[in-house]
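Colleague: I have a structure open and would like to go through it with you. Can you put it up and explain terms as we go?

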Amino acid sequence: PTTPPMQRRLASKMRFVADLSQCLFDFVIQLLPTTEEMAVKEDVRKLLERLIRTIEPDSRLLSFGSTANGFSLRNSDMDLCCLIDSKERLAATDLVTMLGDLLERETKFHVKPLPHARIPIVKLSLDPSPGLPLGIACDIGFENRLALENTRLLMCYAMVDPTRVRTMVLFLKVWSKRRKINSPYKGTLSSYGYVLLVIYFLVHVKNPPVLPNLQQMPPLRPITTEDTHLAGYNTWFFDDIELLRQRWHSDNTETVAELLIDFFRYYSRDFSYNTGVASIRAGLLKKESKGWQNDLSGGRYNDSRERNRLCIEDPFEIDFNVARCVTKDGLYTIRGEFMRAARVLSTRPERAIIALAELCE
Ligand code: CTP
Ligand code: MG
């Protein structure tokens, strides 16, 4: 009956953390898309592919983003990419306009072609119906081969340690949506950005690392620049996951809950937002070395200053800051949320489920 307070606190902490891991699994599982939803989405992809082929016979329509990388939540949008294999193809602008007209005529989708966007796309949506209670939202882009590759990279990371990586990523996606910090259009961060923050943390911050750096592992056989480069960027990474599972194993035995608590702590307190760039390819880089510094004065740099508050290097397009949409206010809000989450988890309420509910409220 007289356990010393230190030991009692430790026991209560261990109980909370074990309980939290279980709650995280249970929470995430019920948010996964149903097999039915996945089947409907695959049917939609096939239908759209058939229609696009009436305009461009040599085209393929491929999924990327969450539907293809293993980080999909129930009712997440569909990201589709059209690849055209023939040399003589229409310009993306014309294709977007023609495809928009065709889909408007032939389908029930609401169609919004954006031929003059930085990346021309067609936006589609379907109203809710009994079979599809939440409808569907879908973007079709063209020739975005780098996005297909970065989707494959994230999928491989998810496969190296499915339980810990997927649980963390899926939880952060739900959390960031519920806390309203997942809107690049409103100055906060895209899901893709959050996924990169998680991978960066698991590869470069945790010691021992939870994940290997797939872009820096030695290739199995000699490779040439021609094999590895796409649009001028090196897209090589170690993608033989079966072999990797046999040869590589992490010495990090932390549970999902421990990793998540530490993730929030790291990004609320330790990451060097002012000078640092999170790169899953190369670890922590300096804004200065990439020309992304945000402390330059003078009106001419205002744009760059707003653009580079938070810096996350794209794994392949290394001159591209994935977080360039994050504004000063956006970053303030995001960091505030990281701090709030770290605080909620450190107070360790009696039951972990209560902590999760409070975290996402
Ligand atoms: N993408 C990219 N560069 C960005 C943003 C996105 O290349 N700056 C590509 C990536 O291939 C990413 C995909 O677009 O996987 C989808 O991005 P996003 O919608 O942010 O991520 P999802 O995982 O699809 O998340 P959600 O379920 O919230 O749609
Ligand atoms: Mg998406």
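Modeller: One term to begin with: a polar contact is a pair of N or O atoms within 3.5 Å; within protein, one must be able to donate a hydrogen and the other to accept it, and residues adjacent in sequence count only if both atoms are side-chain atoms. This is a predicted model, where local features need pLDDT of at least 70, side-chain atom pairs count only at pLDDT 80 or more, and totals for chains, interfaces and linings use all residues. Residues are numbered from 1 along each chain as its sequence is written, chains are lettered from A and ligands numbered from 1 in the order in which they are written, and side-chain values use heavy atoms, with hydrogens and water left out.

Colleague: Fine. What does the side chain of R179 reach?

Modeller: The backbone oxygen of E361, at 2.5 Å. R179 sits in the loop between α6 and α7; helices (H or I, at least four residues) and strands (E, at least two) are DSSP runs, numbered from the N terminus.

Colleague: Is R179 buried or exposed?

Modeller: R179 is buried, because its relative accessible area is 19% and buried means under 20%, with exposed over 50% and partly exposed in between (1.4 Å probe, protein chains only).

Colleague: New topic. Which residues coordinate the magnesium ion?

Modeller: D77 and D79 coordinate the magnesium ion, which is ligand 2, through OD atoms at 2.4 to 2.5 Å. Donors are N, O and S atoms within 2.8 Å of the metal (3.2 Å for Na, K and Ca); water is not among the atoms, so sites may look incomplete.

Colleague: And how much of D77 and D79 is accessible?

Modeller: D77 is partly exposed at 37%, while D79 is buried at 16%.

Colleague: Now ligand 1. Which residues come nearest?

Modeller: There are 16 residues around ligand 1, and D77, N150, K173, K177 and S191 come nearest. A residue is near a molecule or strand if one of its heavy atoms lies within 4 Å of it.

Colleague: Which polar side chains pair with its oxygen atoms?

Modeller: Among them are T151 at 3.3 Å, K173 at 2.9 Å and S191 at 2.6 Å. The protein covers 82% of the 580 Å² of accessible area that ligand 1 has on its own; such areas come from the Shrake-Rupley method with a 1.4 Å probe, and for residues only the protein chains shown count as cover.

Colleague: Which element gives the most to that shell?

Modeller: α5, with three residues.

Colleague: Back to the backbone. Where is the cis peptide bond?

Modeller: It runs from N207 to P208, with omega near -5°. P208 is in the loop between α7 (191-205) and α8 (225-228).

Colleague: Why point that out?

Modeller: Because most peptide bonds are trans, and most residues other than glycine have a negative phi.

Colleague: Which residues have a positive phi, then?

Modeller: N75 has a phi near 65°, and E143 has one of about 55°. N75 is in the loop between α3 (66-69) and β2 (78-84) and is partly exposed at 34%. E143 is in the loop between β5 (136-142) and α5 (145-160) and is partly exposed at 25%.

Colleague: What about S72?

Modeller: S72 also lies in the loop between α3 and β2, and is buried at 9%. Its side chain makes a polar contact of 3.1 Å with that of S76.
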